[in-house]
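Biologist: Please take one residue of this model and describe its surroundings closely. I should like to understand what lies around it and how it is held.

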Amino acid sequence: MGLSVALLLLQTLSAAARGAPESFADLAEKISPAVVNITTSTTVARNTAPRGVAPEGSPFEEFFREFQDRNRGGNGDRPRRSSALGSGFVISEDGFVVTNNHVIEGADEILIEFFEGGELPAKVIGTDPNTDIALLKVETDKSLSFVSFGDSDISRVGDWVMAMGNPLGQGFSVSAGIVSARNRALSGSYDDYIQTDAAINRGNSGGPLFNMDGDVIGVNTAILSPNGGSIGIGFSMASNVVVKVVDQLKEFGETRRGWLGVRIQDVTDDVAEAIGLENAAGALVTDVPDGPSMEAGIKAGDVIMSFDGKDVSDTRSLVKTVGNTQVGKAVRVVVFRDGKTETLKVTLGRREEAEGAVPASQPAAPSKTEVLGLTISEITDELREQLDLTDSASGLVIQDVVETSKAYEKGLRAGDLITEAGQQKLASVVDLTKQIEAAREAGRKSLLLLVRRAGDPRFVALALEEG
């Protein structure tokens, strides 16, 4: 018994030595006044209850209609009000409030409830669905308690954190845990989530995640759960992302992200080998529509190695860095091209204004061949119509793929359009065979193809051992 007590005491002392807090009470008391509950109200156009409980024309149809009307208070299909709950936090004494976009999206009315009592209506200043952040504003004559953002980049896996909010509509609630992981991506281009095991449930959305200094290092946004409840896997959008979004929403009422004007994919080992790149790093340009990059001379097949003085590890890092760069800024972009690096200067556009740009290509003449497990044909009027290709589309059409070939393993299929080989445009079958011969003479094990499917481009490094 004495040994058990000694071991327990030793564990307690060890935890204290590691900096584990004895209590979160002082921290909770300090920051609670800045955390708010959010209630939204939305007009629902009509009753959304399931229909067809009784077959149409049956004796029971009228009975079920009366039953549904009684449950709706006899209002039939008249508009009704729907309410939802969420969380948020005050970031300035004059009443700016941060929450999730999905908490207030589509709301007709937004009501802010404060920890110390009282309610105020809020208006939407701006939203960013890409990061699920919304900025609200309440009007009040008195100074409000508020919290500040901390630096999420210095948070480490294992650091203590505390989440606050309104879980399941139960009112103000605190939970604690640690940073479980960093730099998580869920589905968006600008995702940078902190994963935590602090309990986060429905209604916590939009609430703050605090470090032990009382600074906000994340906005609680989502949970991974098979049953809708917390299983210890929660995600908070990192504060260093949120701060940039909030600053833009406050200044412009919308986001203004930098736009480079390229389509890109990650550099794989076989792609790196095919183009003579020492390491599989950077972002491989698959397409350059009209825009900043085309004006600066960036080409499909370039590998972007550095952007504005920052090394580019992959496509995700480039997208985030470009998006966080000021619109209109002239930046230096280092690309790998034809076995060496070049530095180009690009003046960034604005992504929100640039969606949907379409690149142009050039026409070609008919012929057909079998090579590298592929049956290749130049574009004919019939193929152009079958594949719904534009008049300006050029390249070689894949008409068949041998299922045991490397080409099939790489995902090439009939109907795909090959527009480049070895980073050279293809206007004929002869162009392709020349590139295959040149790659073999250069000792390459694979040839880099630019392939389009339904207009979407991607690079494929195809092994040269066949054909």
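**Aspartate 302 and its surroundings**

Modeller: The side chains of aspartate 302 and arginine 337 are joined by a polar contact of 2.6 Å (a pair of N or O atoms within 3.5 Å, one able to donate a hydrogen and the other to accept it; residues adjacent in sequence count only if both atoms are side-chain atoms). The model is predicted, so local features need pLDDT of at least 70 and side-chain atom pairs pLDDT 80 or more, while totals for chains, interfaces and linings use all residues. Residues are numbered from 1 along each chain, and side-chain values use heavy atoms, without hydrogens or water.

The side chain of aspartate 302 also reaches the backbone nitrogen of lysine 299, at 2.9 Å. Aspartate 302 itself sits in the loop between α7 (292-296) and β16 (303-307) (DSSP runs numbered from the N terminus: helices, H or I, at least four residues; strands, E, at least two). Its relative accessibility is 2%, and therefore aspartate 302 counts as buried (under 20%; exposed is over 50%, partly exposed in between, with a 1.4 Å probe and protein chains only). Leaving aside residues up to four places away in sequence, aspartate 302 touches Ala283, Leu284, Val285, Gly297, Val335, Phe336, Arg337 and Gln423 (heavy atoms within 4.5 Å).

Strand β16, which borders this loop, is also among the elements that cover the buried residues of α8, together with β13 (258-259), β14 (263-266) and β15 (283-287). Those buried residues of α8 (residues 315-323) are Thr315, Ser317, Leu318, Lys320, Val322 and Gly323. At the N-terminal end of α8, aspartate 314 acts as a cap, with a side-chain oxygen 3.4 Å from the backbone nitrogen of arginine 316.

For the wider setting, the chain has 467 residues, of which 44% count as buried, and its secondary structure comprises 12 helices and 27 strands.
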